[in-house]
Amino acid sequence: MSSYLGKYAEYYDIIYAQKDYAQEAAFVNEAFQRFGLSMPAGLLELACGTGRHALELERLGYQLLSTDYSNDLLNVAREKASKAGSHIKFEWADMRELNLECQDFDGAICLFDSIGYVQSDEAVCDAFAGIKRHLVPQGLFIFEFWHAEAMRDHFDPTRVRRWELDSGSLLRIAETQLHRDKDLAEVSYELLELRNDGSYERTTETQINRFFTVEKMKLLLESAGFEALKWLNGYSWDEAINENAWHVVCIAKPLS
């Protein structure tokens, strides 16, 4: 399940610079308020990356324990939090085997399609069950996943992007292969750091991420003791989920 190591962690914030973390954090805040948390509370974050959602949520008043499987990403997050004077706790955790000291969070989040890194039905259910154990009875769980219909019909087998750096430029080539029988996307990344002095550095990494139908995710949630309260087309309250929706956000609560 390891991903975003070394150079990928170093350049993570550049690669995803256009992602609107502040807007997504504001959406999460509104979702918590709509479904029962009337004031900022203690949150558990799974797959926190470099901490950008966490920092935005802290600005909104939340107290967070943010976890990730990549120590390299956590190191970036901790350095960023230190510079910002943040009080967020960043810890390593495997979401498939959650056993954290704090067991009574008011809410949990797993954003940016990160639940898909878990891959198998059994592992997803283990992750959900662990999250449920760490929530108060009236807690809320908000997570995002790749939508199977869009992935199957509209995925791009090859994508190339380039970013300008002070030292030169960064080129990323992403080649995607779908394993339709398992609902998995295998993405081979090649990073080329092209320096102004004519030298370069090449890094490769392969990531495997699962995509889900809403119906499949509903079954997995229920088998782990959750009830889905709302299914959303990304971070929109109004846009219906359709075959072109790449990301689905779910708001769920533990079954009593």
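Trainee: Is Tyr8 buried or exposed?
Mentor: This is a predicted model. Tyr8 sits in helix α1, residues 7-10. The cut-off for buried is under 20% relative accessible area. Tyr8 counts as buried, at 2%.

Trainee: Which residues is Tyr8 in contact with, leaving aside its neighbours within four places in sequence?
Mentor: Look at the stretches that hold Tyr189 and Thr203. Each of these two residues offers a backbone oxygen to the side chain of Tyr8, Tyr189 at 3.0 Å and Thr203 at 3.3 Å. The full set is Tyr189, Glu190, Leu191, Thr203, Thr204 and Glu205.

Trainee: How many Å apart are Tyr8 and Leu37 in space?
Mentor: In sequence, 29 residues separate Tyr8 and Leu37. In space, C-alpha to C-alpha, the value is 35 Å.

Trainee: How many salt bridges does a search of the whole structure find?
Mentor: Side chains of opposite charge can pair when their charged atoms come close. One of the bridges joins Glu24 and Lys19, at 2.9 Å from N to O. The whole structure has 17.

Trainee: Are Glu24 and Lys19 buried or exposed?
Mentor: Their side chains meet in a salt bridge. Glu24 has a relative accessible area of 7%. Lys19 has 16%. The cut-off is under 20%, so Glu24 and Lys19 are buried.

Trainee: Which residues are linked in a network of salt bridges?
Mentor: Start from Glu193 and Arg195, whose closest N and O atoms are 3.9 Å apart. That pair counts because the limit for a salt bridge is 4 Å. Glu193 is buried at 8% relative accessibility, whereas Arg195 is partly exposed at 29%. The network takes in Lys7, Glu10, Glu193, Arg195 and Glu201.

Trainee: Which helix holds both Lys218 and Glu222?
Mentor: These two form a salt bridge, with the closest N and O atoms 2.6 Å apart. They are four residues apart, about one turn of the helix. An α-helix has 3.6 residues a turn, so residues three or four places apart point the same way. Both lie in α8, residues 214-223.

Trainee: What is the relative accessibility of Glu222?
Mentor: Its salt-bridge partner is Lys218. Lys218 is partly exposed, with a relative accessible area of 39%. Glu222 also counts as partly exposed, at 39%.

Trainee: Which elements do the buried residues of α4 pack against?
Mentor: Helix α4 covers residues 52-59, and its buried residues are His53, Ala54, Leu55 and Leu57. They pack against helices and strands alike. The partners are α3 (21-34), β1 (42-46), β2 (63-68), α5 (71-84), β3 (89-92) and β4 (105-110).

Trainee: Which residue with a positive phi follows α4?
Mentor: The helix itself spans residues 52-59. The residue in question has phi near 110°. It is Gly61.

Trainee: How many disulfides are there?
Mentor: Two sulfurs must lie within 2.5 Å. The sulfur of Cys102 is 16 Å from the closest cysteine sulfur, in Cys48, too far for a bond. Cys250 is in no disulfide either, since the nearest cysteine sulfur, that of Cys110, is 12 Å away. The count is zero.

Trainee: Is Cys250 buried or exposed?
Mentor: Take Cys102 alongside, which is partly exposed at 31% relative accessibility. Cys250 has 0%. Cys250 therefore counts as buried.

Definitions and conventions
Residues numbered from 1 in each chain as written. Predicted model: local features only at pLDDT ≥ 70, side-chain atom pairs only at ≥ 80, totals over all residues. Heavy atoms only, no water. Buried < 20%, exposed > 50% of the residue type's maximum accessible area, 1.4 Å probe, protein only. Helix = DSSP H or I, 4+ residues; strand = E, 2+ residues; numbered from the N terminus. Contact = heavy atoms within 4.5 Å. Polar contact = N/O pair within 3.5 Å; in protein donor to acceptor, adjacent residues only side chain to side chain.
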